[in-house]
Each structure stands twice: as C-alpha cells, then as structure tokens.
Amino acid sequence: MGNNSKMLRGTRISFSSVNSSLSSLKSCQTYINTGMDIATHVALDLVENFNDERDVRSMENVMLEYAVLDRELRHYMRAIEETVDQIKQDKPEKIPDLKSLVKEKFIALENMNSDSDLERNEKYMYFKDQLKDMKKQFRPQSDSNDSDDIEQIDEDIAVTQSQMNFICPITQMEMKKPVRNKVCGHSYEEDAILKIIQNRKQQKKKVRCPKIGCSHDDVKGSDLVPDEALKRAIDSQNKQSW
C-alpha cells in the first residue's frame, strides 16, 4: 500500500511551469493589443494628412497580420488550458506527452479558421469603424472647378450635420473626449456618460442611450470605446476656426 502511494505521488503532475507559460503568453497578447492600437493611430494620421491610399491599405494589412497572431495565440492558450483540464479530469497513471496533446488540440482549432474570424476581431472592427469615419471627415477636397449651387448646398448641409455630431447628447456641448457605444454606435462625452452609468448603477437601474430616437436601453461602461476619429474631426474643425 505504501509503495502504491509513493507511485501515485511520483506520477503527480505539477502544472506550475504550465501556468507560468500561460502567464507569459498573456503578456504577448498585451503586446499584440498595443501594436494594434499603434497601427490604428498611424492609419488615422495617414487619413488626416491625406496620404496615399496605398499607405492606409498597408496599415490595414498590418492590422490583419496582428489579428492572425492574436487568433493563433488565443488558440494556443485554449489548447493548453483544455489539455490541463483533461489531464486533471482523467488522472492518468503515466505522465502524458503534454506537447503532443497541446499540438493536437491547437491544430484542430486552427483547422476551423475562417476569414470571418479575423473580421470579428474587436480591435480590427474598431480600426475599420474609425477609419471609415475618418475618411468621411477628412476626405480630400475635389479638384473640380464646378461651382454648381446644388453641390454647394449639399456640402453646406453635410458640414452642418457633421458639426451637429460634435455635440454631446447629454451635455449639449461640443465633446472634448468622445467615446462611442459599440452597441448602438452613438457617441457621448466620456465623463458625462460614465457619471450617468455610475448613478444608475447605484439605483440598480439600466441606462438608456441618451441619443434621441435610439432604442438601446442598456448602456454599459464596457461597451464604450474612445472615438478617436470624432475627436480628430472636432480638433481639426476648431483649428480651422482659429
């Protein structure tokens, strides 16, 4: 009996090194996220300064490469976690080949990849949304000399609507630090919306989007992201008015 106990204790697997590896991989994920943030800012700078469209597309390719790395890293961490859970559940008498088990699970996950996975990457989706908004705000002026009155009126209307989007639906003032709601797409002054969320949380009530006509009735702080494109448009408009 004593020998059996020793044998069982001898085959007990320590996962401390595995946990250490997972921690290191999560650090790598932080670096990927930072890289994607930098690539987004560079792309927005390119649009704001009317650089060649090819330069902007090159940054989109960089974002896709980061998205691929992020997916691979997530799959590898998931493969490790599932392998560890399986071993803990099965309690094998012999120490299994962890490397082979993880590789097998990783390959299975990678075989299920599709292009839509990359497009659903949260950072990449944010990049695309911000880039689209920046192109609307900073599209180069037409070189045409056509001064058709109807076109001028359309342009004036577009500018007026753009300036209206600079106004926070809560404070009714021009936004200084706008954040966008990922769910409904509306933007607010960060401090104003967070204050409302905090007050409602204390009252145990949900927050309805303050934009008139919006049906979204559960605004959460976790759904808010910096609206960099809008902030740049506001700053640009203010510079022009100086």
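**Exercise 1. Work out how strand S1 is joined to S2, and what the sheet around them looks like.**

Step 1. Strand S1 (residues 178-181) and S2 run antiparallel, and three bridges join them. Strands here are DSSP runs (E, at least two residues), and helices are DSSP runs too (H or I, at least four), numbered from the N terminus. Two strands pair if DSSP finds at least two bridges between them.

Step 2. Find a facing residue. Pro-178 stands opposite Glu-189 in S2.

Step 3. Order the strands. The sheet is open, has three strands in the order S2-S1-S3, and its pairing is antiparallel. Strand S2 (187-189) and strand S3 (224-226) are the edge strands, each pairing on one side only. From one strand to the next, the twist averages 40°.

Step 4. Add the helix. Helix H8 (residues 190-202) packs on the sheet and touches S1, S2 and S3. The direction of H8 makes about 90° with that of S2.

A note on the model: it is predicted, so local features need pLDDT of at least 70 and side-chain atom pairs count only at pLDDT 80 or more, while totals for chains, interfaces and linings use all residues. Residues are numbered from 1 along each chain as its sequence is written, and side-chain values use heavy atoms, with hydrogens and water left out.

**Exercise 2. Describe how H3 and H4 pack, and find the aromatic pair between them.**

Step 1. Take the geometry. Helix H3 (residues 53-90) and helix H4 (residues 98-110) pack at about 130°, with axes 8 Å apart. Axes are lines fitted to C-alpha atoms, for helices over the stretch in contact; angles run from 0 to 180 degrees between N-to-C directions.

Step 2. Classify. H3 and H4 are therefore oblique to each other. The classes are roughly parallel (under 35 degrees), roughly antiparallel (over 145), roughly perpendicular (65 to 115) and oblique (the rest). The crossing of H3 and H4 is right-handed. That means the near helix is turned clockwise from the far one by less than a right angle; anticlockwise is left-handed.

Step 3. List the contact (heavy atoms within 4.5 Å). From H3 it includes Arg-71, His-75 and Tyr-76; from H4, Leu-98, Phe-106 and Glu-110 are among the residues. The contact divides into nine nonpolar, three polar and six charged residues. Nonpolar covers Ala, Val, Leu, Ile, Met, Phe, Trp, Tyr, Cys and Pro; charged covers Asp, Glu, Lys and Arg; the others, Gly among them, are polar.

Step 4. Check the rings. Tyr-76 and Phe-106 form an edge-to-face pair, 5.7 Å centre to centre with 85° between the planes. Rings of Phe, Tyr and Trp (its six-membered ring) pair with centres within 6.5 Å; planes under 30 degrees apart are stacked, over 60 edge-to-face, the rest tilted. Tyr-76 lies in helix H3 and Phe-106 in helix H4, so the pair ties together parts 30 residues apart in sequence.

**Exercise 3. Classify the packing of H2 with H6 and with H3.**

Step 1. Helix H2 (residues 16-48) and helix H6 (residues 122-137) pack at about 10°, with axes 10 Å apart. That makes H2 roughly parallel to H6. Their contact has 10 nonpolar, three polar and four charged residues.

Step 2. The axes of H2 and H3 come within 9 Å and cross at roughly 165°. That makes H2 roughly antiparallel to H3. Their crossing is left-handed.
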